[in-house]
Amino acid sequence: MKNLNKKGLLGYILGIVLLCLIDQLTKIAAVSALKGKSPFVLIKNVLEFYYLENTGMAWGMMSGARIYFLVLTVLIVGVITYVIIKMPHTRHMLPFFAVLTVLASGALGNFIDRLTLGYVRDFIYFKLIDFPVFNVADIYVTCSMIGICRVFCCFNSFLL
C-alpha cells in the first residue's frame, strides 16, 4: 500500500486552508453584524445569531485555559497530520481522509482565534434547547467526530 503522496498532502493542506478561511470569514461577519448588538432572530425561540467571546469551551467550561487549548490543538493537528501522511492512499480511505481534514480545520479555526484574540468568536445559538453558542469551526469538529465514530462503527462491524 502506498502512503499519502504529494498530491494528497497538498489536498489536505488546501482543504484546511479553504475550510479555515470559511470559518474565519463567518466570524468576521458575525463580529461586524452582531458585536454589541441585540441577537438576530432567525427562527423565534429556536435559532438566533448571538455574538459571544468564549475563553473556554462549551458552556464556558475551562474558561481561561488558553495555553492548554493551544498546546492540545497543536498536538491533535500533529497527530492528524501524521495519520494523514501514513495512511494508505487508496480510494476506500478517502472518506476517512476527508473527515480528518475537516477535524483539523475545525481545530485550527478555533486555534487561530485563541492565538490571535485570546478567545473564540461564537455566534450561532439554538435557543430552543439552550445549546451553547457555537461557530463554523465547532460544526466542523462535531460533524467530523460523528464521521469518525461512524467509520469506526462500520469498521468494527465489518471485523465481527
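**Exercise 1. In which sense do strand β1 and strand β2 pair, and over how many bridges?**

A word before we start: this is a predicted model, where local features need pLDDT of at least 70, side-chain atom pairs count only at pLDDT 80 or more, and totals for chains, interfaces and linings use all residues. Residues are numbered from 1 along each chain as its sequence is written, and side-chain values use heavy atoms, with hydrogens and water left out.

Step 1. Find the strands, which are DSSP runs of E with at least two residues, numbered from the N terminus: β1 covers residues 40-43 and β2 covers residues 47-54.

Step 2. Pairing requires at least two bridges found by DSSP; β1 and β2 have 3, in the antiparallel sense.

Step 3. Look at the hairpin: 3 residues lie between the strands, and N45 has a positive phi near 60°.

**Exercise 2. Find the partners of E48.**

Step 1. On the β1 side, V41 stands opposite E48 of β2.

Step 2. β2 also pairs with β3 (residues 120-126), antiparallel over 6 bridges. There, Y125 is the bridge partner of E48.

**Exercise 3. Which helix supplies the largest share of the largest nonpolar core?**

Step 1. A nonpolar core joins buried (under 20% relative accessible area, 1.4 Å probe, protein chains only) Ala, Val, Leu, Ile, Met, Phe, Trp, Tyr and Cys residues through side-chain atoms within 4.5 Å. This one has 16 residues; Y12 and F96 are among those touching the most other members.

Step 2. Helices are DSSP runs of H or I, at least four residues. α1 (6-34), α2 (66-86) and α3 (94-117) each give at least two core residues, and α3 has the largest share, 7.

Notes:
Buried means under 20% relative accessible area, exposed over 50%, partly exposed in between (1.4 Å probe, protein chains only).
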